[in-house]
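Me: I am new to this structure and would like a close look at a single part of it. Please choose one place, explain the words you need as you go, and follow it into its surroundings.

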Amino acid sequence: MSVAYWCVLVAGMMPVFTVAIAKYGRPDYDNSEPRAWMDKLEGKRRRADYAHRNHFEAFPFFAAGVIIAQQLTASQNAINLLALSFIAARIVYTFCYLKNYDLWRSIVWAIGYLCVIGLFLLAGWPR
């Protein structure tokens with residue numbers, strides 16, 4: 001399995017890690033209505049939930065980019081580099097979100113987004 005495919009797995013797991021930050025150590029967690037409970041969070045926990053949601057939003061576009069680039073036999077090294085860059089950007093994005101570095105969060109989000117655009121451009125690049 002390629003490095004890029006492993007990155008898809010990591011990207012698919014990222015929402016679980018960020019929601020764990022939101023929920024960890026809260027004895028009042030209500031599993032019967034988790035979204036209503038999450039909507040009441042504040043501060044770092046609230047931002048962790050928002051990062052969790054954004055990871056879900058980013059995942060399909062990234063996974064499609066990797067799969068399409070691989071199916072169209074783009075350069076595997078380039079695919080791997082873009083996929084690893086996306087994962088690195090998402091990790092930094094999460095850190096910025098948790099620390100409430102809003103400007104940096106947006107910049108790093110854009111870097112990750114450009115990595116996915118790069119995957120699609122790489123897939124369509126004439127060989």
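Reply: A residue counts as buried under 20% relative accessible area, as exposed over 50%, and as partly exposed in between (1.4 Å probe, protein chains only). Ser-75, with a relative accessibility of 39%, is therefore partly exposed. The model is predicted, so local features need pLDDT of at least 70 and side-chain atom pairs pLDDT 80 or more, while totals for chains, interfaces and linings use all residues. Residues are numbered from 1 along each chain as its sequence is written, and side-chain values use heavy atoms, without hydrogens and water.

Ser-75 lies in the loop between helix 3 and helix 4 (helices being DSSP runs of H or I, at least four residues, numbered from the N terminus). Arg-127 is 52 residues away from Ser-75 in sequence, yet their C-alpha atoms are 9.5 Å apart in space.

Beyond this loop, helix 4 (residues 76-99) meets helix 5 (residues 102-124), their axes (lines fitted to C-alpha atoms over the stretch in contact, with angles from 0 to 180 degrees between N-to-C directions) coming within 8 Å and crossing at roughly 160°. The two helices are therefore roughly antiparallel (over 145 degrees). Among the residues making the contact (heavy atoms within 4.5 Å) are Ile-79 and Phe-86 of helix 4 and Gly-112, Cys-115 and Val-116 of helix 5.

Leaving aside residues up to four places away in sequence, Phe-86 touches Ala-11, Ala-58, Phe-62, Gly-112, Cys-115 and Val-116.

Terms used: Parallel < 35°, antiparallel > 145°, perpendicular 65-115°, else oblique.
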